[in-house]
Amino acid sequence: MTLLKIARMGHPVLKQRAAEVQDPTAPEIRRLVVDMIETMRDANGTGLAAPQVHIPLRVVVFFVNEGRAARENAGDDQDSGDFDADSRDGGVPLTVLINPELEFLSEDQSVGWEGCLSVPGLAGQVPRYTALRYSAYDLEGQRFERVAKGFHARVVQHECDHLDGVLYPQRMTDLSSLTFTTEIGAASEPSQEDGDSDG
Ligand code: NI
């Protein structure tokens, strides 16, 4: 178990398309995932993608704690929706995605705050699709799928963007909301304690 060094915006590894994992059950993938989880937790992140630790492979880890999900979804102004999300306003257990694929279930987008461990100290408001289905391999090589809404869907989109060399500022439509988290006051309150959490 090792804490990995996190690549920051501007590093080439964050700009390229990451490669598919050939064997999701390979020991080195398991080791990578263990280290990514450790690194994510140490940094208080919500998620982490392998390119963020200088490994250009399509691997993501994330989790959503229940309180955060409820808070974000409450502020997210999403419609209650027709999709039977696997976690409606709830948390999502620690999840590993290998070679994930996304399918958007609605044209609807909502704007919400995001931060990124590769863009430390900043947060911005980012439009994301409100509902999607994703599928991926787990560490046993089994393909699984879930429906995600709200904050869960946001996290998955943010992480999977990393696999295609995209950082959240590139998704912002109004850069005026790009803010140092230390400047975020009582006026607008984008969950300060992990305002800089990845995503
Ligand atoms: Ni990120």
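Contact between elements is taken here as heavy atoms within 4.5 Å. In this predicted model, helix α1, spanning residues 27–42, lies across β1, β2 and β3. The helix runs at about 40° to β2.

The strands crossed by α1 belong to an open sheet of five strands, arranged in the order β1-β2-β3-β6-β7 with antiparallel pairing. The edges of the sheet are occupied by β1 (47–49) and β7 (143–149); each has a single partner strand, so one side of each is left without a neighbour in the sheet. On average, and with direction ignored, neighbouring strands of the sheet are turned by 40° against each other. Strands of a sheet pair through backbone hydrogen bonds, in either a parallel or an antiparallel manner. Between β2 (residues 59–64) and β3, which run antiparallel, five bridges are found. One residue pair joined in this way is V60 with its bridge partner L97 in β3.

Strand β3 also contributes to the largest pocket of the model, which has a volume of about 330 Å³. Its lining comprises 19 residues, and L102, F104, D161, D164 and R171 are those that lie nearest the pocket centre. At least two lining residues are supplied by each of β3 (92–104), β5 (122–129) and α3 (150–163). The largest share, five residues, comes from β3. Classified by residue type, the lining of this pocket contains eight charged, seven nonpolar and four polar residues. Strand β3 is thus shared by the two features described, being paired with β2 in the sheet and supplying residues to the lining of the largest pocket.

Note on methods
Residues are numbered from 1 along each chain as its sequence is written. This is a predicted model: local features need pLDDT of at least 70, side-chain atom pairs count only at pLDDT 80 or more; totals for chains, interfaces and linings use all residues. Side-chain values use heavy atoms; hydrogens and water are left out. On a 1 Å grid over the protein atoms alone, a cavity is a set of points where a 1.4 Å probe fits but cannot get out, and a pocket is an open set with protein on both sides within 12 Å along at least five of seven lines; lining residues have an atom within 4 Å of a point. Grid points are joined across faces, edges and corners, and a volume is the space filled by probe spheres set on the points. Helices (H or I, at least four residues) and strands (E, at least two) are DSSP runs, numbered from the N terminus. Ala, Val, Leu, Ile, Met, Phe, Trp, Tyr, Cys and Pro count as nonpolar, Asp, Glu, Lys and Arg as charged, and the others, Gly among them, as polar. Two strands pair if DSSP finds at least two bridges between them. Axes are lines fitted to C-alpha atoms, for helices over the stretch in contact, and angles run from 0 to 180 degrees between N-to-C directions.
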